[in-house]
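Good morning, colleagues. I should like to take a few minutes to go through one structure with you. Please look at the sequence and the model as they appear.

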Amino acid sequence: MSDTCKKLSTVIAVLGLIALVVGLFFAGNKIYWIVGIVLGTVASLIKVYMLERTLDKAVDMDPKNANNYTRANYTMRLVVSVVIVVLACIVEQINVVGVLIGLLLVQPAAYITNFI
């Protein structure tokens, strides 16, 4: 993993931990909240790793193949997010809001990593 990916993963994990602790004060069922945040944060970490791997491989390809490859992998990352959210909606023991917060941690983590 590159240094940037490691830093981004660390910031995502820290933000997930902060969201977990803050949410414990507001969540009705704390176990469901913990499961939701952890599932969303782990999915975000997986998506960041998938993105790095995609970009590493696409750099060595010709432009047309790289474009197709990155689009296919974008679709895979989107499918991962959709499957996680649908799973959270189906399984009662997973807090949907926690999953969504965990999945959205990539954006603020990218800004924080860039600022650091």
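How many residues of each class, nonpolar, polar and charged, does the lining of the largest pocket have? Before I answer, please note that this is a predicted model. The lining has 12 nonpolar residues, together with five polar and three charged ones.

Let me stay with that pocket. Its volume is about 450 Å³, and 20 residues line it. Lying nearest the centre are Lys47, Val48, Leu51, Arg77 and Val106. Five helices each give two or more residues to this lining: H1 (3-24), H2 (30-58), H3 (63-90), H4 (96-103) and H5 (106-115). The largest share comes from H2, with five residues.

I turn now to the surface. A nonpolar patch of about 750 Å² is made there by Val14, Leu17, Ile18, Val21, Val22, Phe25 and Phe26. Of these, let us consider Phe25, which is placed in the loop between H1 and H2. Is Phe25 buried or exposed? Its relative accessibility is 68%, so Phe25 counts as exposed, the cut-off for that class being over 50%.

My last point concerns Leu100, a residue of helix H4. Leu100 has a relative accessible area of 37% and is therefore partly exposed, since that class runs between 20% and 50%. How far apart are Leu100 and Ile37 in sequence and in space? In sequence, 63 residues separate them, while in space their C-alpha atoms are 8.0 Å apart.

Thank you for your attention.

Methods. Residues are numbered from 1 along each chain as its sequence is written. This is a predicted model: local features need pLDDT of at least 70, side-chain atom pairs count only at pLDDT 80 or more; totals for chains, interfaces and linings use all residues. Side-chain values use heavy atoms; hydrogens and water are left out. On a 1 Å grid over the protein atoms alone, a cavity is a set of points where a 1.4 Å probe fits but cannot get out, and a pocket is an open set with protein on both sides within 12 Å along at least five of seven lines; lining residues have an atom within 4 Å of a point. Grid points are joined across faces, edges and corners, and a volume is the space filled by probe spheres set on the points. Helices (H or I, at least four residues) and strands (E, at least two) are DSSP runs, numbered from the N terminus. Ala, Val, Leu, Ile, Met, Phe, Trp, Tyr, Cys and Pro count as nonpolar, Asp, Glu, Lys and Arg as charged, and the others, Gly among them, as polar. Patches are made of residues with over 30% relative accessible area and no salt bridge: like charges are joined within 9 Å, nonpolar side chains (Val, Leu, Ile, Met, Phe, Trp, Tyr) within 5 Å. Accessible areas come from the Shrake-Rupley method with a 1.4 Å probe; for residues, only the protein chains shown count as cover. A salt bridge is a side-chain nitrogen of Lys or Arg within 4 Å of a carboxyl oxygen of Asp or Glu. Buried means under 20% relative accessible area, exposed over 50%, partly exposed in between (1.4 Å probe, protein chains only).
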